[in-house]
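Please open the structure in a viewer and keep the sequence panel visible. The stops below say what to select next and what is found there.

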Amino acid sequence: MNLAAEHDADRIGPDRLAEQIEQLPALPEVVMDLLQNIDREDVDIGVLARKMSHDQTLTAKALRFANSPFYGTQGKISSIQQAITLLGMKTVRQILTAAALASVFPDNRCKGFEFRAFWRHAMGTAICARLLARMLHLNQDFAFTAGLLHDIGRLVLVTRFPHSYEQVIAYRDEHDIFLLDAERSILGTDHVAVGLALAERWRFPEVIRHAIAGHHTPEPLGSSSIASLVNVANGIVHALDLAAVDNDLVPPVSLDAWRNVGLDDAAYLRLFRETEVEFEKISSIL
Amino acid sequence: MPIIRKQVSLDEAQPGMVLSDALLDAHGNVMLAAGMELSASTIAALRRHQIESLSIAAGMLSEEELEGRRRRDVARLEHLFRKQGGGDTDASDLLHALMRRYRLGEEPA
């Protein structure tokens with residue numbers, strides 16, 4: 001059997017990829033604004049709320065997040081303004097990003113791909129990266145968003161190339177290899193490259209692009225400490241089994257990233273516990 | 001310590017319940033230490049600080065149950081790390097070793 005020939009139809013060249021990314025719905029304008037101005041806190045709440053009012057789906061999803069036990073609000077939040085008052089702009093930005101992504105990439109039929117597991121992993125990584133940022137006095141907002149978005153390319157592949165991605169998953173299962181390697185074998189590209197293409201299209205800020213690009217292989221010291229955080233958080237969250245995928249594998253953790261993070265053993269043990277505790281609070285809505 | 005953790009809302013919290021973990025504020029500072037027994041006045045104070053939920057110790061595991069759980073957790077961990085090991089170019093072995101200590105019940109200092 002000629003495997004290579006059989007998989008030719010599954011190859012995703014730059015043109016096919018660009019065409020599919022072109023066809024993706026745009027992120028809601030309000031979320032684009034928030035992401036592109038991730039380093040700014042002086043967002044006009046009135047304008048934000050007015051833009052949100054045109055998007056009932058996004059508002060409903062965001063309020064569901066805001067009222068989860070994770071934020072400790074216990075169902076008291078009924079509007080975006082109120083969410084900003086009670087939770088602060090940074091938190092609302094995180095909530096809106098998560099809610100918008102869930103709308104742009106709705107569950108579809110790609111056999112073997114579990115959206116719920118994907119979101120559990122993304123949210124776990126976001127939480128772990130944020131806790132790491134807190135320990136290291138880095139920007140927690142960047143860390144959370146970068147953690148949430150690091151695997152975004154996979155959502156593009158699954159929703160735009162569902163049949164090909166089924167082949168990826170079958171190949172992974174057959175050979176018990178990393179999903180990343182199965183992507184390269186079958187598609188000729190991987191979720192990192194695709195994620196970057198999407199990040200360009202959606203004009204994500206540089207810190208997020210670095211984290212997407214470097215979450216498997218962060219460049220040596222200095223490039224972006226957020227990419228290092230996400231690399232380490234990604235490994236931790238796979239090892240904590242938060243997505244609970246049967247044949248999951250912990251990906252290699254970069255030695256450079258590990259040294260960049262530089263926590264002692266006790267701090268790591270605390271981080272594992274806190275990640276589990278924080279994740280537990282949000283897992284009910286994922 | 002072989003405790004079972006349970007997340008409860010502040011409304012469900014009762015005097016006599018014991019915190020399973022330190023309660024931290026938004027900056028990561030310890031407000032109440034792990035193992036602290038809740039009193040009516042601590043619960044009222046937490047309400048004033050707008051704390052909404054707590055992780056409490058919901059019971060103890062027997063040594064036997066604990067052993068079983070640890071064996072299961074470590075076996076799962078080995079499965080997840082089945083493609084790692086031996087390489088000196090990455091930190092996976094370091095993470096693996098720390099995670100094993102965590103699963104074997106080592107408490108954060």
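## A loop in chain A

Start with A:D241, which sits in the loop of chain A that runs between α15 (225-240) and α16 (255-261). The model is predicted, and its overall scores are ipTM 0.84 and pTM 0.81. Look at the backbone of A:D241: its phi is positive, about 65°, although the residue is not a glycine. Is A:D241 buried or exposed? Within 10 Å there are 20 other C-beta atoms, so A:D241 is buried; the cut-off for that label is 20 or more.

## Another loop in chain A

Next select A:H137. This residue belongs to the loop between α8 (115-136) and α9 (140-149) of chain A. A:H137 is not a glycine either, yet its phi is positive, at about 55°. Show the surroundings of A:H137 and count C-beta neighbours inside 10 Å: there are 7, so A:H137 counts as exposed. The limit for exposed is 12 or fewer.

## Chain B as a whole

Now hide chain A and show chain B as a cartoon. How many helices and strands are there in chain B? Chain B has 3 helices and 4 strands. Following the sequence, their order is β-β-β-α-β-α-α. For the 109 residues of chain B, the globule rule gives a radius of gyration of 13 Å; the value here is 18 Å, well over that, so chain B is more spread out than a compact globule. Turn the chain to see its extent: the C-alpha trace of chain B spans about 55 × 35 × 20 Å along its principal axes.

Colour chain B by burial. Of its 109 residues, 17% count as buried. Then display contacts in chain B between residues at least 6 apart in sequence; 63% of these join residues at least 24 apart.

## The two domains of chain B

Select residues 3-60 of chain B for domain 1, then 63-103 for domain 2. The distance between the C-alpha centres of domain 1 of chain B and domain 2 of chain B is 30 Å.

## Confidence in chain B

Finally, colour chain B by pLDDT. The mean for chain B is 84, and 91% of its residues reach 70 or more. Where in chain B is confidence lowest, and where is it highest? Select strand β2 (residues 23-24) of chain B for the lowest, at a mean of 80, and helix α3 (residues 92-103) of chain B for the highest, at 94. Predicted coordinates should not be read in detail where pLDDT is low.

Key
Residues numbered from 1 in each chain as written. Chains lettered and ligands numbered in written order. Predicted model: local features only at pLDDT ≥ 70, side-chain atom pairs only at ≥ 80, totals over all residues. pLDDT = per-residue confidence, 0-100. Helix = DSSP H or I, 4+ residues; strand = E, 2+ residues; numbered from the N terminus. Rg over C-alpha atoms; globule rule 2.2 N^0.38 Å. Contact = placed C-beta atoms within 7 Å. Domains from an automatic or database assignment.
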